[in-house]
Amino acid sequence: MNYENAIEIEHLTKDYGSFRLDDVTLAVPGGTILGLIGENGAGKSTTIKCILNLVRRDAGEIRIFGMDNRKEERAVKEQVAVVLDECPFHELLTPHMVETILSGACPGWDSKRFHSLLGEFELPEKKLVKEFSRGMKMKLSIAAALARNPRVLLLDEATSGLDPVVRDRILELFLDFVSDETHAVLLSSHITSDLEKAADYVAYLHRGKLVLQGAKDELLDEYGRLACTRGEMDRVDPAFLVGRRESAFQCEALVRDKREFRRRYPELAVDPVSLEDLMVFTVRGDRA
Ligand SMILES: Nc1ncnc2c1ncn2[C@@H]1O[C@H](COP(=O)(O)OP(=O)(O)OP(=O)(O)O)[C@@H](O)[C@H]1O
């Protein structure tokens, strides 16, 4: 791995007994957004907490722009801002008070940016956090994270409480953020359509293991969706198929190596896939 990478995770393992995050290796190059997808309990938050050192890993290495996240924890913390699915600010604070606290505590704090984001997100500066809706709390957390002027943004389900219009604007802000190659975003989300819009890379965690990862456009290009009769499906080389599902009327499966498949079976139609198809069929394949 080279140090153009903003985040490097190598062989990360965390064993909780009943759950094991198992040998996860991934990299997020500078200037890009990686979408971390996976079902509930797949290990997305555990991965993010390991990057932040909030959870002690059992094995593996994590580097932020080449800095070891344990040996150089302080320097790493200055470069990384995080938005978790819970608002980190006390209920009795106002955005104005949040700014007073964070401007003193965070060396790179950008007051102008914070105020402009508060304005854009229509967040009242003098209202108590406890009177905020879930979406308003999320927006405040995102505004505070961006105003810290980090190089790396980690977002754990940070857009899930937001309406589509606000989510769209926030994705634009993230895309804007990574237009600087010294920045990067790792965004975990169940909303795969958001990742389709914004992510350059996708990593799919399933039961603690990375089952799929790569450049989003390449993954969407490599796979296809096949719907045909059982007789047709039975003729297909199973090596092409992921997560076959049958009903009384038709068979469905994800097809890997779509181009080669089309060459071998020109009579069978293969449709484009979404990230959601990739998730659902891969899990189905695992259960089969
Ligand atoms: N402190 C802990 N002690 C024991 N097990 C834990 C602990 N924290 C998390 N786990 C387990 O680790 C597994 C992965 O949890 P994690 O929160 O990383 O999943 P996730 O992919 O973020 O899920 P979700 O999409 O539901 O937020 C779960 O089975 C969870 O119960």
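Start at the ligand and colour its shell by residue class: three nonpolar, six polar and one charged. This is a predicted model, so treat what follows as a tour of computed geometry. To see the shell itself, select Tyr16, Phe19, Gly38, Asn40, Gly41, Ala42, Gly43, Lys44, Ser45 and Thr46, which surround the ligand. The charged member of that set is Lys44.

Now zoom out and colour by domain. The assignment splits the chain into domain 1 (5-215) and domain 2 (223-287). Drop a marker at each C-alpha centre and you'll find the two 34 Å apart. Where they meet, 10 residues of domain 1 and eight of domain 2 make the contact. On the domain 1 side, pick out α7 (192-198), β9 (201-206) and β10 (209-215), each of which supplies at least two of the touching residues. Colour that side by class and it comes out as six nonpolar, two polar and two charged.

Stay with β9 and β10 for a moment. How many bridges join them? Six, and the strands run antiparallel. For one of these pairings, click Ala203 and look across to Gln213 in β10, its bridge partner. Then go to the turn of this hairpin, where two residues sit between the strands and Arg207 has a positive phi near 50°.

Next stop, the sheet built from β11 to β14. Select the four strands and trace the order β12-β13-β11-β14; the sheet is open and its pairing antiparallel. Which strands form its edges? β12 (241-246) and β14 (270-271), each paired on one side only. Follow β11 (residues 224-228) to its neighbour β14 and you'll find two bridges, again antiparallel. Show Leu226 and Val270 together here, since the latter, in β14, is the bridge partner of the former.

Time to go inside. Hide the surface and bring up the largest nonpolar core, a set of 75 residues. To find its best-connected members, select Ile7, Ala143, Leu154, Phe174, Val185 and Leu187, which have the most contacts within the core. Then highlight helix α5 (residues 134-147), the element that gives the most to this core, with nine residues. Turn the domain colours back on: the core takes at least three residues from each of domain 1 (5-215) and domain 2 (223-287).

Centre on Ile7 and show what it touches. Leaving out residues up to four places away in sequence, its contacts are Ala27, Val28, Ile51, Ile64, Val152, Ala184 and Leu186.

Finish with two backbone oddities. As background, most residues other than glycine have a negative phi. From Ile64, step one residue along to Phe65, a non-glycine residue whose phi is positive, near 45°. Phe65 sits in the loop between β4 (59-64) and β5 (67-68). Is Phe65 buried or exposed? It counts as buried because 20 other C-beta atoms lie within 10 Å, and 20 is the cut-off for that label.

The other one is Glu122, also not a glycine, with a positive phi of about 55°. Look for Glu122 in the loop between α4 (111-120) and α5. Why does Glu122 count as exposed? Because there are 9 C-beta neighbours inside 10 Å, and the exposed label applies at 12 or fewer. So put the two side by side in your viewer: Phe65 is buried, whereas Glu122 is exposed.

Notes:
Residues are numbered from 1 along each chain as its sequence is written. This is a predicted model: local features need pLDDT of at least 70, side-chain atom pairs count only at pLDDT 80 or more; totals for chains, interfaces and linings use all residues. A nonpolar core is a set of buried Ala, Val, Leu, Ile, Met, Phe, Trp, Tyr and Cys residues joined through C-beta atoms within 7 Å. Domain bounds come from an automatic or database domain assignment. Two residues are in contact if their C-beta atoms, placed from the backbone, lie within 7 Å. Two strands pair if DSSP finds at least two bridges between them. A residue is near a molecule or strand if its C-beta atom, placed from the backbone, lies within 6 Å of it. Ala, Val, Leu, Ile, Met, Phe, Trp, Tyr, Cys and Pro count as nonpolar, Asp, Glu, Lys and Arg as charged, and the others, Gly among them, as polar.
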